[in-house]
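The exercises below ask you to read a protein model closely, one residue and one sheet at a time. Look at the structure first, and then work through each solution step by step.

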Amino acid sequence: MRQAIFALIVLILGQCALAQSRPPATAPSKPADLPAVNFNAIAFKDAVEFFADVSGANITVNWRALEKANVRPDTPVTMKIGGVTFRKALDMLLRQAGGGVPLTYTIDEGVLEITTQETEDAKLVTRVYGIQDLLFEAEDFSGAPQLSLSSTGSSGGGRSARSGGSGGSGGGGSGGNTGLFGNTNGNTNSPGSDGKSLSQKERADEIIKMITTSIRPEIWVENGGTSKISFYRGNLIVTAPASVHRQIGG
């Protein structure tokens, strides 16, 4: 259940982020963006050039950052895949080239830059995600009036139903406050099964907790990191590396 709720949150946040930002010109959108890839110990630099050529993406590499992590242009990579998206293939390439060093990428104004995770984590980006749809709570109608035909027809039969109940002593009029929809004095705003209703701030806090415990927990201020997330007037304000925003908003 928790995973399903988290998937819904990510989907809605992704739609919000997409509406607020221009679509990057770096990643094709078809299900299979790349042809079959068959690298056999070729240089990492050549593999990156292949990805750029076949995808049409503007790809650059921060070689200074990579060389500090002992990842060089001639680092050999071996991959054999087919029918996968550009993003999936690129993630696999970076894992292959980085070995034990986490590599990632950022997208800025149509340019995709490959760098180390450490370098990317030092650059914090602030984005605003509207979560009004996630904060909406449907009104509880558990105490709403119930349809009851028996109360109108218990005495007087069809005549009472046709005339609307003309006599105070007839079966249809003896119910007083009961009518076609049963108890008209029912409470339509009864609390939920837990006896209370969460405020918007409390629901927002639950969403924030789910994000900070599911997406790179170590990166958040609460856990000793540098990234921040807060709630303000129906929006999440997130200051975090670009890779974190990719996981939040897609």
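**Exercise 1: A residue and its surroundings**

Thr 212 touches Pro 217, Trp 220, Asn 223 and Ile 229, where residues up to four places away in sequence are not counted and contact means heavy atoms within 4.5 Å. This is a predicted model, in which local features need pLDDT of at least 70 and side-chain atom pairs count only at pLDDT 80 or more, while totals for chains, interfaces and linings use all residues. Residues are numbered from 1 along each chain as its sequence is written, and side-chain values use heavy atoms, with hydrogens and water left out.

Task: decide whether Thr 212 is buried or exposed, and find which backbone oxygen lies 3.2 Å from a polar atom of its side chain.

Solution. Begin by placing Thr 212 in helix 9, residues 200–214; helices (H or I, at least four residues) and strands (E, at least two) are DSSP runs, numbered from the N terminus. Next, Thr 212 counts as buried because its relative accessibility is 12%, given that buried means under 20% relative accessible area, exposed over 50%, and partly exposed in between (1.4 Å probe, protein chains only). Finally, the oxygen in question is the backbone oxygen of Lys 209.

**Exercise 2: The sheet beside helix 9**

Task: work out in what order the 3 strands of the antiparallel open sheet stand, and which of them are at the edges.

Solution. The order is 6-10-9, with antiparallel pairing, and two strands pair if DSSP finds at least two bridges between them. Strand 6 (125–130) and strand 9 (228–232) have a single partner strand each, so one side of each is left without a neighbour in the sheet. From one strand to the next, the twist averages 20°. Strand 9 is joined to strand 10 (residues 235–240) by 5 bridges, and Phe 231 stands opposite Leu 236 in strand 10. Helix 9 packs on this sheet, touching strand 9 and strand 10, and its direction makes about 160° with that of strand 9; axes are lines fitted to C-alpha atoms, for helices over the stretch in contact, and angles run from 0 to 180 degrees between N-to-C directions. Helix 10 also packs on the sheet, touching strand 6 and strand 10, at about 15° to the direction of strand 6.

**Exercise 3: A covered helix**

Task: find how many residues of helix 10 are buried.

Solution. Helix 10 covers residues 242–249, and 7 of its 8 residues are buried, among them Val 244 and Ile 248.

Definitions and conventions:
Polar contact = N/O pair within 3.5 Å; in protein donor to acceptor, adjacent residues only side chain to side chain.
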